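Student: I've got a structure open and would like to talk it through with you. Can we start with how the chain is divided and then look at what sits between the parts?
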Amino acid sequence: MSLKQTPTVAAPTAEHHREPLGIGESSPRISWKTTAPVGWTQQAYQIEATRADGTHRTDWVDSRDSVLVPWPLPPLASRERCKIRLRVRGVDQVTSDWSPSLQIETGLLGPADWTAHAISPHEAYEPQGAEHSAAERRPPLLRKEFSIGADVERARLYVTAHGLYEIELNGRRVGDHALAPGWTSYHHRLRVHTHDVTDHLRAGANAIGAWLADGWYRGRLGFGGGHADLYGDRLALIAQLEIVHRDGIVTVINTDTTWRAGQGPIVSSGLLDGEIYDARDEPPGWSSPGFDDGDWSPVDIVERDPATLVAPTGPPVRCTQEITPALVTPLDTDRLLVDFGQNLVGRVRITVAGPAGHTVGIRHAEVLQNGELCVRPLRDAVSTDRYTLKGGAPETWEPRFTIHGFRYAEITGWRGGDPYRDIAARVHHTDMARTGWFACSDEQVNRLHENVVWSLRGNFVGLPTDCPQRDERLGWTGDIQVFAPTAAFLYDCHGMLASWLRDVAVEQHADGTVPWYVPEIPGGEQWTPARPGAGWGDVVALTPWDLYQASGDTALLAAQYESARRWVDLITELAGESGLWNRGYQLGDWLDPFAPPHDPGAGRTDRHLIATAYYAWSLRHVAWTADILGREDERDRYEELARRVRQAFADEYLLPGGRMTSDTQTAYAVALQFGLLPDAAARAAAGRRLAELVEAGGHTIQTGFIGTPLVAPALSATGHDDTAYALLLQQECPSWLYALKHDATTIWERWDSMLPDGTVNPGEMTSFNHYALGAIAQWLHTAVAGLTASTPGYRDIAFRPRPGGGITWASAAHESPYGRVAIRWELQESELTVATTVPTGATGRIEWPDGGVTDLPTGTTITSRPAVGSTSR
Ligand code: RAM
């Protein structure tokens with residue numbers, strides 16, 4: 001009897017959504033992962049959609065594609081629910097069973113769907129130019145009561161705010177999003193979340209209540225004291241609660257002038273300052289029906305163009321982990337020092353009991369000095385939460401509208417209770433799916449990798465930020481530009497970054513200048529007005545491409561193309577005939593350890609060499625993008641420009657004999673990795689010189705933000721893996737592992753954020769949670785473990801294990817668009833054994849250190865080969 005094994009298909013996904021409720025795409029693209037016997041190839045797929053008007057099956061579509069295939073049906077309408085499932089057929093004519101279903105639901109797709117208004121507490125009298133009083137600035141509560149019948153079929157809440165919000169229905173919190181709606185370019189795009197609130201409603205009287213707080217909208221942001229009211233000085237809520245009854249009738253509860261505004265227990269709340277909360281001011285039952293809001297005030301309608309309301313493309317911020325104290329040290333009778341054992345981002349939850357009016361304070365810091373919190377690196381961020389008890393039974397509290405970057409907390413006013421039980425740190429960030437893992441035989445390298453993961457988590461809060469602790473926390477373009485490939489391996493951050501890149505495009509200046517950080521806020525003389533900066537502005541050309549490599553999503557390239565083109569056109573104008581970008585302000589190899597601490601841009605590599613290198617590299621990316629988008633004329637034009645700039649670069653910065661005008665690691669690494677050298681001989685010479693320089697530097701780091709991500713890959717690409725390993729495994733300052741001596745649990749901003757003598761770097765800019773220098777992790781994934789995508793979306797996978805550094809085994813895994821890709825290699829005596837996993841729909845091959853190639857079937861394969869080369873340290 002022939003027993004043909006049938007393939008199985010997992011539940012499909014729509015676009016890059018983790019939770020496709022309230023999506024903004026009317027024709028979402030569909031992806032799925034198949035598990036099939038070795039050798040199976042998809043020949044066709046068929047999609048079935050169940051909509052209100054019945055179930056529809058598409059014809060079989062002859063295609064091998066399974067990632068982001070076009071929506072096969074008429075577009076979805078606003079609020080439409082649709083169930084999707086599919087099956088696939090192989091070239092062997094064997095058909096799979098139907099996959100499990102995916103439920104998709106669109107949000108409000110157009111401005112006409114909005115009947116809710118933006119409402120804000122009534123301002124009675126507003127003398128021109130008068131400052132708002134503290135009471136007026138106090139974060140308000142808003143509420144409304146309504147009545148419904150027993151026949152609720154389903155209910156949806158579409159909600160956003162000027163400021164931050166949390167919603168309660170009948171006394172119970174709606175959803176678990178934190179810091180919603182997140183920070184976007186508010187004037188252009190304000191994110192709306194959709195919640196299923198069916199279970200919150202009941203027959204008869206109901207009440208909806210909202211907490212509001214300053215957040216990014218009107219809270220103090222930025223350095224040098226910062227600025228408040230950057231987007232406006234009035235908080236507002238926009239909520240549309242749509243209740244569908246069993247007979248199809250819809251009741252809509254909108255934010256409008258029938259709502260009431262009152263004072264809540266939050267005295268003040270700021271992202272940088274922390275939250276002050278007086279529980280004695282909690283109005284009991286305020287978000288339930290029957291509450292007497294007679295002394296609350298009316299609300300005003302304020303301006304908001306519904307055309308600027310957008311659906312999320314990525315997951316919300318959430319609490320993703322709770323950490324209990326690793327060590328609690330009493331400092332005084334009622335003062336505790338709590339060490340959570342991990343530098344993290346989020347907030348502290350306390351459970352306390354005591355008399356009404358007693359206040360417990362929580363201060364935060366990333367490091368200690370002399371046994372106390374070291375808060376100097378926070379600069380003007382106060383980062384202090386204060387909770388005043390209402391008295392009586394134990395009270396549990398966590399601030400609502402702030403987050404801090406910390407490993408240590410100092411609790412003042414602590415009263416009894418077991419701190420190990422009653423204090424917890426709650427980690428917050430964009431709730432992305434983890435997609436990448438790495439491990440090896442060297443525990444220190446594993447910790448380094450773990451630190452990169454933690455710095456990613458700490459800085460991805462709806463947008464990619466530079467640091468979570470001090471008075472900054474901005475969407476710096478250069479930091480994510482160098483880190484995006486690493487991030488896209490570790491987490492599915494496509495949706496979050498796609499949203500941020502939209503903001504970058506809308507905030508790009510009329511002349512094409514890309515702001516240093518987005519959203520752009522005043523930054524003092526150095527940053528405002530923004531000037532075009534190499535490595536930072538190039539985010540618009542490089543990052544969409546990096547995300548495309550991970551996801552295979554060409555729509556992102558299309559969406560960002562104009563922005564990328566405007567950037568390179570601007571630089572072309574600045575460079576003029578020479579093809580060299582050698583004018584204007586540049587950050588260069590920012591934080592080169594040889595730059596003076598007060599002038600981090602004054603690194604040893606010629607800034608204009610770096611600028612011209614980036615210019616050429618971005619031009620090529622624009623040309624490649626144009627090619628994919630079928631814009632052939634533009635492709636040819638940018639390719640030709642790129643060729644000229646490469647030539648100009650070589651003429652200007654490459655000396656006869658193969659040295660460069662800046663004889664630095666960054667210069668050679670950039671030239672190698674950005675393809676700027678004329679031929680193989682020049683590449684080999686640059687690789688040799690780079691290796692010499694790394695060895696001459698005693699394998700300590702001699703590069704900043706620009707060079708650091710490129711040195712190890714450039715060494716690997718030119719046959720100097722051993723040198724790259726020595727660089728990785730160096731422990732003296734500056735090095736990656738140096739930080740571990742100081743118990744680092746995240747990646748630092750400066751190589752010596754903590755000085756060798758254990759004191760905190762006195763520089764103005766000393767973050768302990770900055771992901772840029774963590775870009776080395778991508779070399780761990782692609783070279784140490786050897787997992788690389790050779791075509792976008794991991795459709796073709798090359799496993800290139802390069803054992804070295806005394807490491808005896810390494811492994812990496814990535815949840816790719818086709819399914820799990822994995823490798824684990826092990827050196828035993830003189831044999832290298834490699835176990836690989838290739839998902840259905842992808843191809844895989846091993847490229848051995850000795851140059852041999854093994855083509856792999858799908859599934860898991862174990863292969864061995866005599867080991868070559870040195871593996872000693
Ligand atoms: C610092 C930021 C960021 C960097 C800029 C140039 O203020 O922390 O990391 O991109 O400077």
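Student: So which domains does the domain assignment give for the protein chain?
Tutor: This is a predicted model, and the assignment for its chain gives domain 1 (8–106), domain 2 (111–314), domain 3 (318–429), domain 4 (436–785) and domain 5 (796–866).

Student: Let's take domain 1 and domain 4, then. What distance separates their centres?
Tutor: Taken over C-alpha atoms, the centres of domain 1 and domain 4 are 37 Å apart, and the two domains do touch, with four residues of domain 1 in contact with seven residues of domain 4.

Student: And how much area is buried between domain 1 and domain 4?
Tutor: The buried area comes to about 360 Å², and carbon and sulfur atoms give 52% of that figure. On the side of domain 1, the residues that lose the most area to domain 4 are His16, Arg29 and Leu68, which together make up 91% of what that side buries.

Student: Arg29 caught my eye. What does its side chain meet in a salt bridge?
Tutor: The side chain of Arg29 meets that of Asp553, with 2.6 Å from N to O, and the count of salt bridges between domain 1 and domain 4 is one.

Student: How many residue pairs are in polar contact across that interface?
Tutor: Three residue pairs are found in polar contact across the interface of domain 1 and domain 4. As for the kinds of residue involved, the side of domain 1 that touches domain 4 consists of two nonpolar residues, one polar and one charged.

Student: Switching topic: how many cavities are there of 30 Å³ or more?
Tutor: The count comes to five cavities of 30 Å³ or more, and the largest cavity holds about 150 Å³ of space.

Student: Which residues are closest to the centre of the largest one?
Tutor: Of the 17 residues that line the largest cavity, Trp216, Ile403, Val461, Thr465 and Arg473 are the closest to its centre.

Student: Last one: what classes of residue make up that lining?
Tutor: The lining of the largest cavity has 12 nonpolar, three polar and two charged residues, and at least three lining residues come from each of domain 2 (111–314) and domain 4 (436–785).

Technical notes. Residues numbered from 1 in each chain as written. Predicted model: local features only at pLDDT ≥ 70, side-chain atom pairs only at ≥ 80, totals over all residues. Heavy atoms only, no water. Domains from an automatic or database assignment. Contact = heavy atoms within 4.5 Å. Buried area = accessible area lost by both parts, 1.4 Å probe. Salt bridge = Lys/Arg side-chain N within 4 Å of Asp/Glu carboxyl O. Polar contact = N/O pair within 3.5 Å; in protein donor to acceptor, adjacent residues only side chain to side chain. Nonpolar A, V, L, I, M, F, W, Y, C, P; charged D, E, K, R; others polar. 1 Å grid on protein atoms, 1.4 Å probe; cavity = no way out; pocket = protein on both sides within 12 Å on 5 of 7 lines; lining within 4 Å. Points joined across faces, edges and corners; volume = space filled by probe spheres on them.
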